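This report looks at how parts of one protein chain pack together. Have the sequence and the 3D view open while reading.

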Amino acid sequence: MKLKQLEGLLGGLTQFSDPKLELEQYATGPHIASRMLYMAENSFNDITGKVVADFGCGCGTLAVASALLDAEHVLGIDIDPQSLELAQENAADLELDIDLVWSDIKNLNLKGVHVDTVVMNPPFGTRRNGADMEFLSMALQVASQAVYSLHKTSTREHIKKAALRGFNAISAEVLCELRYNLPRTYKLHKKKEIDIAVDLWRFVPNAQRRS
């Protein structure tokens with residue numbers, strides 16, 4: 001599938017109608033999502049034929065993108081039941097098969113399920129300090145092959161140190177810097193939209209220590 005086709009299909013997904021501030025629910029736009037998954041597959045072969053988990057899947061954008069790129073099996077995980085319903089609707093509209101799991105990331109239990117790749121757009125941790133680290137820590141425990149994640153560019157050194165020293169990743173690489181065009185989602189947002197610099201990271205977990 002070509003990049004433009006992928007972005008076009010993701011652009012047709014239904015997004016949050018009433019996002020929850022405490023969960024930092026911001027939709028992953030089709031421009032960023034398509035490039036994130038396209039790079040994961042075309043540069044690293046981490047999607048097609050793999051078992052892919054979307055952490056904090058929300059309306060299912062990254063999970064849907066993984067399925068469109070012919071992942072063998074896709075899991076979407078979220079703490080919000082309404083988000084999972086939306087993700088299910090989006091998958092059904094495109095006739096895609098995605099398994100959805102209702103769980104918070106901190107207490108996620110996927111024992112017996114082999115996951116090759118984790119993709120995620122985690123909370124930035126602005127509403128609840130450390131939320132982004134919970135996602136990254138669990139992703140590096142679950143994935144056997146790679147983790148792809150978006151984090152604010154301003155936290156780059158902190159993310160790298162946490163991944164390599166705190167969570168024992170083999171490598172932590174910024175693949176590119178993207179502009180996250182965030183529309184006014186909540187009443188507390190003063191501006192019509194905010195442009196945030198975000199890094200697209202690829203982490204390689206130390207799966208050997210878990211074997």
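## Helix packing and cores

The crossing of α2 and α3 is right-handed, a term used when the near helix is turned clockwise from the far one by less than a right angle, with anticlockwise giving left-handed. The contact is made by A33, M36 and L37 on the α2 side and by T61, L62, A65 and S66 on the α3 side, where contact means heavy atoms within 4.5 Å. By class, the contact of α2 with α3 has five nonpolar, two polar and no charged residues. Here Ala, Val, Leu, Ile, Met, Phe, Trp, Tyr, Cys and Pro count as nonpolar, Asp, Glu, Lys and Arg as charged, and the others, Gly among them, as polar.

This is a predicted model, in which local features need pLDDT of at least 70 and side-chain atom pairs count only at pLDDT 80 or more, while totals for chains, interfaces and linings use all residues. Residues are numbered from 1 along each chain as its sequence is written, and side-chain values use heavy atoms, with hydrogens and water left out.

Two packed helices are described by the angle between their axes and the distance between the axes. The axes of helix α2 (residues 30-44) and helix α3 (residues 61-68) come within 10 Å and cross at roughly 45 degrees. That makes α2 oblique to α3; angles under 35 degrees count as roughly parallel, over 145 as roughly antiparallel, 65 to 115 as roughly perpendicular and the rest as oblique. Axes are lines fitted to C-alpha atoms, for helices over the stretch in contact, and angles run from 0 to 180 degrees between N-to-C directions.

The chain has six helices and seven strands. Both are DSSP runs numbered from the N terminus: helices are H or I with at least four residues, strands E with at least two. Buried residues make up 50% of the 211 residues in the chain, buried being under 20% relative accessible area, exposed over 50% and partly exposed in between (1.4 Å probe, protein chains only).

The largest nonpolar core has 33 residues, and those with the most contacts inside it are L10, L37, I47 and V198. Such a core is a set of buried Ala, Val, Leu, Ile, Met, Phe, Trp, Tyr and Cys residues joined through side-chain atoms within 4.5 Å. Its largest share, six residues, comes from α3. Apart from this core lies another, of 28 residues, among them I105, L136, A162 and W201.

Leaving aside neighbours within four places in sequence, L37 is in contact with I47, L62, A65, S66, L69 and V119. On the same terms, A33 is in contact with L10, T28, T61 and L62. The C-alpha atoms of A33 and V119 are separated by 9.9 Å, although the two are 86 residues apart along the chain.

The table sets A33 beside two loop residues.

| Residue | Place | Relative accessible area |
|---|---|---|
| A33 | helix α2 | 0%, buried |
| D70 | loop between α3 and β2 (73-78) | 53%, exposed |
| E95 | loop between α4 (81-93) and β3 (99-102) | 75%, exposed |

D70 has a positive phi of about 65 degrees although it is not a glycine. E95, also not a glycine, has a positive phi of about 55 degrees.
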